[in-house]
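I opened this notebook page to keep track of what I looked up, working from the overall fold towards single residues.

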Amino acid sequence: MRDQPGNPDVAASPGNSVATVRSSVRQCRVRNFDPKTSFGADAASRYDDTLRGDEPETVACLNELARGGPVLELAIGTGRIGLPLAATGLRVDGIEQSDAMVARLRAKPGGAEIAVTMGDMADVSVLGNYRLIYLVYNTLLNLLTQDDQVRCFENVASHLTDGGLFLVEAATPDSMYALREDQYVDAEVVATDAVTLDVGRYDRATQVLDECHMTMSADGIRFGPIVTRYVWPSEMDLMARIAGLRLHSRWAGWQHEPFDSRSVRHVSVYGRSPPSP
Ligand SMILES: C[S@@+](CC[C@H](N)C(=O)[O-])C[C@H]1O[C@@H](n2cnc3c(N)ncnc32)[C@H](O)[C@@H]1O
């Protein structure tokens, strides 16, 4: 029954209204979720099976902003963007916390030449400064508290050259506010021998989305949990200010499409000094 979720920890009682029960349920995170291990061997082995399709335009945009580099990718993963960007002749370094994702990067042509610092992008230190630091594919949202996201901006600011730029690409939280009862089930794959469902529940207070991609097939059920903290672009701009950075540009996509109230994602570019008028 929807009004009395079957969660023994938050049973409804006379003093425990349906609204209270719902809000308690929302506060439950995906149990045992550990961001540090969420991109393990299983996820890494499948990561490049389905690319986004925007890789060439992403690389073209980053290449232009890099102005010769050097460049640092936060959360470089398997090198989906870092490798083709390095192939344009730029020096691209990376930060990453998953050994399994870096192993996939190393196995690709050019992957052994990329210097990767292992650690948490919110605070790990790297040697040197960069003309461009970038964080794409919603990955700022993988930091699960506002504090960690601010620390990430501060870490970036401490590794930018004078005139250096920080680019962030992320979805806006709009879709989270069109959900029925702050939750959804999407059919991602419907085939004769397998079904993949994306199941999500959003907490408006913390801006955290608990999500699990579930694949059911003759092999059994596979769970792909992921937790993310959504951020409005305006909140991101304040994080940048705390770190001593200012918004220089904001687009709705890699080809500098105008960002407006209907945009569902943004490409935001920050720099240390205010942009020239
Ligand atoms: C969606 S993938 C993006 C990978 C790559 N940037 C791309 O565009 O394909 C997210 C990556 O972020 C890494 N990651 C998540 N949180 C991190 C953190 N706090 N510090 C460093 N890497 C992190 C994961 O291990 C994973 O490789």
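Helix 7, outer side. I began with the residues that face away from the core of this predicted model, and I found that Ser234 and Ile242 of helix 7 are exposed, on the other side from its buried residues.

Helix 7, inner side. I then listed the buried residues of helix 7, which spans residues 233-242, and they are Met236, Met239 and Ala240. Viewed down the helix axis, the buried residues lie within an arc of 100 degrees, so they line one face of helix 7. I noted beside this that an α-helix has 3.6 residues a turn, so residues three or four places apart point the same way. Looking up what this buried set packs against, I recorded helix 6 (146-157) together with strand 5 (160-171), strand 10 (246-251) and strand 11 (265-271). Just after helix 7, I came upon Gly244, whose phi is positive at about 85 degrees.

Sheet. In which order do the strands of the open sheet of seven run? I read the order as 3-2-1-4-5-11-10, and the pairing is mixed. Strand 3 (116-118) and strand 10 are at the edges with a single partner strand each, so one side of each has no neighbour in the sheet. From one strand to the next, the twist averages 20 degrees. I checked one pair in detail: strand 1 (residues 71-74) and strand 4 (residues 130-135) are paired in the parallel sense over three bridges, and Glu73 stands opposite Tyr134 of strand 4.

Ligand shell. I counted 20 residues surrounding the ligand, with Phe39, Ala75, Gly77, Arg80 and Ser98 as the closest. Sorted by character, the shell comprises twelve nonpolar, five polar and three charged residues.

Val199. I looked up this residue in strand 7 (residues 194-203). Is Val199 buried or partly exposed? I found 15 other C-beta atoms within 10 Å of Val199, and because a buried residue needs 20 or more and an exposed one has 12 or fewer, Val199 is partly exposed. Leaving aside residues up to four places away in sequence, Val199 touches Val185, Glu211, Cys212 and Met214. For Met214 I also noted the separation from Val199, which is 15 residues in sequence and 7.7 Å in space from C-alpha to C-alpha.

Whole chain. I closed with the totals, which give seven helices and eleven strands, and 28% of the 277 residues counted as buried. Among contacts with a separation of 6 or more, 59% are between residues 24 or more positions apart.

Methods
Residues are numbered from 1 along each chain as its sequence is written. This is a predicted model: local features need pLDDT of at least 70, side-chain atom pairs count only at pLDDT 80 or more; totals for chains, interfaces and linings use all residues. A residue is near a molecule or strand if its C-beta atom, placed from the backbone, lies within 6 Å of it. Ala, Val, Leu, Ile, Met, Phe, Trp, Tyr, Cys and Pro count as nonpolar, Asp, Glu, Lys and Arg as charged, and the others, Gly among them, as polar. Helices (H or I, at least four residues) and strands (E, at least two) are DSSP runs, numbered from the N terminus. The arc is that of the directions from the helix axis to the C-beta atoms. Two residues are in contact if their C-beta atoms, placed from the backbone, lie within 7 Å. Two strands pair if DSSP finds at least two bridges between them. Axes are lines fitted to C-alpha atoms, for helices over the stretch in contact, and angles run from 0 to 180 degrees between N-to-C directions.
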